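Reader: I'm new to this one, so could you take me through a close look at a single part? I'd like to start on the inside and work from there.

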Amino acid sequence: MKFFIDTANLDQIREANELGILDGVTTNPSLMAKEGITGQDRILKHYVDICEIVDGDVSAEVIATDFDGIVAEGEKLSALHEQIVVKVPMIRNGVKALKYFSDKGIRTNCTLVFSPGQALLAAKAGADYVSPFIGRIDDISTDGLLLISEIRQIFDNYGFKTQILAASIRHTMHIIECAKLGADVATCPLKPILDLLRHPLTDIGLEKFLADHKKQ
Ligand code: E4P
């Protein structure tokens, strides 16, 4: 399973990259705003800065919701850097744009996916990634992980090449369960990635090994 980091914070992207486990980055307009990245020129430069840190796919989201606007914005984003994947919302014009981009060889990530039917449509339209938001589904007392298993089954039934990019991940168990269910990618904030490292028996074991070594 690939690990993407879900942030626009350059320090956190560097930290995850230095760990040696990072395969890519996802951003969205909220994450960009959180870092104070505003204005088109700054936003475009920030995407290039991210691409220069990480050796992998970097999702950059369009803001337009009309077909022509999505296409114009997506083409501009894609031209920024070969690592850019254009993130397109799961709306009617988004599906049309996914097909347009797919025919043009522009890579896409269909975002805001909350049902198996939406994932199927995105795959049919040629999306390279679909992003089911599991945490936001859990937030409304429904099972986000069930969606991952349903999409996995559908894609496997028909051999769709679209990768399942589990998004809106909140904690380590989301990552583990996504890995068990066969998600192709998990995109996570830095904290749950680092939390995977932790186990009290590792700390206790290491402390004892080091203490015993000192006795020799
Ligand atoms: C990533 O592609 C998504 O935009 C992101 O994971 C959403 O996460 P959130 O539900 O924590 O905002």
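Author: Let's go straight to the largest nonpolar core, which in this predicted model has 56 residues. Ile13, Leu77, Cys110, Ile169 and Cys178 are the ones with the most contacts inside that core.

Pick Cys110 and see what surrounds it. Leaving aside residues up to four places away in sequence, Cys110 touches Val88, Pro89 and Met90, and also Leu98. Its list of contacts goes on with Ala122, Ala127, Tyr129, Val130 and Ser131. There's another core too, lying apart from the largest one: it's made of five residues, including Phe4, Val85, Leu165 and Val185.

Now for the ligand, which sits in the largest pocket. Around the ligand you'll find Asp6, Thr26, Asn28, Lys87 and Phe133, along with Arg136, Ala167, Ser168 and Arg170. Three of these are worth zooming in on. Asp6 has a polar side-chain atom 2.5 Å from an oxygen atom of the ligand. For Asn28, a polar side-chain atom is 2.7 Å from a ligand oxygen atom, and Arg170 likewise places a polar side-chain atom 2.7 Å from an oxygen atom of the ligand. As for how covered the ligand is, on its own it exposes 340 Å², and the protein buries 84% of that.

Conventions
Residues are numbered from 1 along each chain as its sequence is written. This is a predicted model: local features need pLDDT of at least 70, side-chain atom pairs count only at pLDDT 80 or more; totals for chains, interfaces and linings use all residues. Side-chain values use heavy atoms; hydrogens and water are left out. A nonpolar core is a set of buried Ala, Val, Leu, Ile, Met, Phe, Trp, Tyr and Cys residues joined through side-chain atoms within 4.5 Å. Buried means under 20% relative accessible area, exposed over 50%, partly exposed in between (1.4 Å probe, protein chains only). Contact means heavy atoms within 4.5 Å. A residue is near a molecule or strand if one of its heavy atoms lies within 4 Å of it. A polar contact is a pair of N or O atoms within 3.5 Å; within protein, one must be able to donate a hydrogen and the other to accept it, and residues adjacent in sequence count only if both atoms are side-chain atoms. Accessible areas come from the Shrake-Rupley method with a 1.4 Å probe; for residues, only the protein chains shown count as cover. On a 1 Å grid over the protein atoms alone, a cavity is a set of points where a 1.4 Å probe fits but cannot get out, and a pocket is an open set with protein on both sides within 12 Å along at least five of seven lines; lining residues have an atom within 4 Å of a point. A molecule sits in a cavity or pocket if more than half of its atoms lie within 2 Å of its grid points.
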